[in-house]
Amino acid sequence: MPRFPAPRGHLRLVVEPSSHAGGVLSSVVAALGDDQLVALMRQGDAVAFETLYRRHAAFAINLAVRIQGNACDVEDIVHDAFLKAAQRTHALRDPGAFRPWLGSIVVRLVKTRLRRARLVNVFRIGPSQRAAAEVLDIDTLVSSDAGPEARAELFQVYTALLELPADERIAWTLRYVEHHDLQGVSQLAECSLATAKRRISRAQHHLLAKYRGPKNAASPTVECVTRIEEAAAEDDPEEPSQS
Amino acid sequence: MKSQLPRIDRSLLKNAGAQAAVERIWQRLENDAPLARYSRGPRVWSIALASATFATGLWLGVHLNKQEIPSAQVVAEPASRLWPVSGAVKESAPVAPGDRPAGTRGAKRAAAFGVSKTSRSLPLGREQMEVPEPSTGPTASASATSLGASPEWMRLANLGDYVSALRAVEEEGGFDQLLATATADRLMAAVDVARATGQKGRALQALRKVLGEFSGSPEAPLAAWTLGNMLEQAGDPVGAAAAFAQYQRLSPQGDFAEDAVVRQLEALITKGQADEARRLAKSYEAEFPESLRLRELSEQLQQPRAPTPGAASGAPVEPGPGSVGGQVAPAAAVPVEAAAR
């Protein structure tokens, strides 16, 4: 039974979900729009919250993974995002805009992590000990149906993205990976439209300078192995050669 | 030639929001929800942590940025007061015994920044007094502005509070100083502030500066696009066409590349340059064969249209762009041409 707290600190249990009536009600609730669900959620309706969660959880997870470039702690981020959303429902002006609002919470949490990771890397202990949020995991990003060339291209793009400041990286990912329009980018990134344009423009410039094209793309596997070998060599520089 | 970035199709991306992950998070949410009820009030430990973080940041800032201090002195004090007349100083400033000699690090730094170390000891010897004229106030503050942290007006502009940003710009020396010293990124933010507060002339000035002096910067394509929009709105199709063409050159795969060609075409049609418009339409058709605008544009091209009087004679556009006899007037052309280099 969901035990979701109401914003005012009390819990209003609508129905027992396992009962027949609960099942019927759940299906009725599932047919409601986001604005109606948010209204119910504000009254402490646990079923409404669960419905909203199940409707938008995949969006939130994918958003976090695609901005970060890996799935590290993404479940924590999404968990925190929904918890914040639950606690601050009253701050949502347009109940119908729950999805972009949730997205902006996810983006803010990911940005905080990226900035923290960058700070850790500034004072980092060694190249092999990069903060987890700064590591690219191409297998988490790319579908298994994608061909090797597409994987190599995405690997190149994401490798270049990792070099960008968090704000620019987020803006570009929202625009070209998540395919939001500029208004959507500015809404999710919580900045003005002009600022969103500037950030995308800077990121695009950087990526164009770094991208070598599909023909010159090295295999991601080969590059990963090379990096791992380099990191291992730097970890243990005095290890005698086996030869 | 630069490679075109691949289009990242959603079908290429894995769906990370699998049912198992969704269920795991939901389990946690169910378990954590009761705890969240008790964690909403002000928390003493978080305040203590924030204070400790602030203190650490302050300490790090002070210790890591010691070398920045001399430039701050240059900004704060007028040059005339920092640098006494050399003759008078030569007579009245004997090197005190035990004072730091001329070749030491502090004295070299003082000489490099053109300031005395402090006013109390007059430690500078003859060698430092003969350093060429110190930098003037505006130049010194210019370097400090461009190298310093993000100013308040920029922060406000990023938040979209342009009226407050304009006020902050005025407090920090005004637009003229900003235009003279800002980087491309800040100039573009200044453009946003100027446009949002109705100062189109300032916005055009800033855009031209970006295209003229920062043509290789990431901001240049956006500057060309914005300039085209503004000139078009101001009734200068010639200047607008040149700016849109500039955008295409700077960012052939940019977000607005297709739109830029269309806008350029429309501008050419407006000013009655049908031959040039047809030539451009052909290359547009080849480059964007699936464009929804093709039919509409070809219809426009088939309709004979007299040149717009304003376009042919050079509509005056504040504060100076325009066209003369179908050619881009120097005021508008120079920055655009310069940007092409």
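# A walking tour of two chains

Start in chain B: select helix 10 (residues 162–171) and helix 12 (residues 184–196), whose axes come within 9 Å and cross at roughly 115°. Here axes are lines fitted to C-alpha atoms, for helices over the stretch in contact, and angles run from 0 to 180 degrees between N-to-C directions. Helices are DSSP runs of H or I with at least four residues, strands are runs of E with at least two, and both are numbered from the N terminus.

Before you go on, note that this is a predicted model, in which local features need pLDDT of at least 70 and side-chain atom pairs count only at pLDDT 80 or more, while totals for chains, interfaces and linings use all residues. Residues are numbered from 1 along each chain as its sequence is written, and chains are lettered from A and ligands numbered from 1 in the order in which they are written.

## Stop 1: the crossing in chain B

The angle makes helix 10 of chain B roughly perpendicular to helix 12 of chain B. For reference, angles of 65 to 115 degrees count as roughly perpendicular, those under 35 as roughly parallel, those over 145 as roughly antiparallel, and the rest as oblique. The crossing of these two chain B helices is left-handed, a term for a near helix turned anticlockwise from the far one by less than a right angle (clockwise is right-handed).

Now show the side chains. From helix 10 of chain B, pick Tyr162(B), Ala165(B), Leu166(B) and Val169(B); they meet Asp192(B), Val193(B) and Ala196(B) of helix 12 of chain B. This contact has six nonpolar residues, no polar ones and one charged. In this scheme Ala, Val, Leu, Ile, Met, Phe, Trp, Tyr, Cys and Pro count as nonpolar, Asp, Glu, Lys and Arg as charged, and the others, Gly among them, as polar.

## Stop 2: where the chains touch

Next, show both chains together. In contact with 38 residues of chain B are 48 residues of chain A, contact being C-beta atoms, placed from the backbone, within 7 Å. Among the elements giving two or more residues to chain A's side are helix 3 (46–68), helix 7 (148–161) and helix 10 (193–210) of chain A. Which helix gives the most to this side? Select helix 10 of chain A, which gives 11 residues. By class, chain A's side has 27 nonpolar, 12 polar and nine charged residues.

## Stop 3: the core and helix 9 of chain A

Zoom out to chain A alone, and you will find 11 helices and zero strands. Buried residues make up 43% of its 243 residues. A residue is buried if 20 or more other C-beta atoms lie within 10 Å of its own, exposed if 12 or fewer, and partly exposed in between, with C-beta atoms placed from the backbone.

The largest nonpolar core has 66 residues, and those touching the most other members include Ala60(A), Val106(A) and Ala189(A). A nonpolar core is a set of buried Ala, Val, Leu, Ile, Met, Phe, Trp, Tyr and Cys residues joined through C-beta atoms within 7 Å. Helix 3 of chain A gives the most to this core, with 13 residues.

Click on Ala189(A): leaving out residues up to four places away in sequence, it touches Val107(A), Ile170(A), Ala171(A), Leu174(A) and Ala196(A). Ala189(A) is one of the buried residues of helix 9 (residues 182–189) of chain A, along with Val185(A), Ser186(A), Gln187(A) and Leu188(A). What do the buried residues of helix 9 of chain A pack against? Add helix 5, helix 8 and helix 10 of chain A to your selection to see the partners.

## Stop 4: two loops with positive phi

Most residues other than glycine have a negative phi. Two residues of chain A let you look at the other case. His179(A), which is not a glycine, has a positive phi of about 60°. His179(A) sits in the loop between helix 8 and helix 9 of chain A, and counts as exposed because it has 12 C-beta neighbours inside 10 Å.

Then move to Glu190(A), just after helix 9 of chain A, with a positive phi of about 55°. Glu190(A) lies in the loop between helix 9 and helix 10 of chain A. Buried, exposed or partly exposed: which word fits Glu190(A)? With 15 C-beta neighbours inside 10 Å, Glu190(A) counts as partly exposed.

## Last stop: two residues on helices

Finish with Arg115(A) in helix 5 (residues 98–122) of chain A. Its C-alpha atom is separated by 6.6 Å from that of Ala166(A), 51 residues apart along the chain. In helix 4 of chain A, find Lys84(A); 7.9 Å, C-alpha to C-alpha, separates Lys84(A) from Ile105(A), 21 residues apart in sequence.

Terms used. Contact = placed C-beta atoms within 7 Å.
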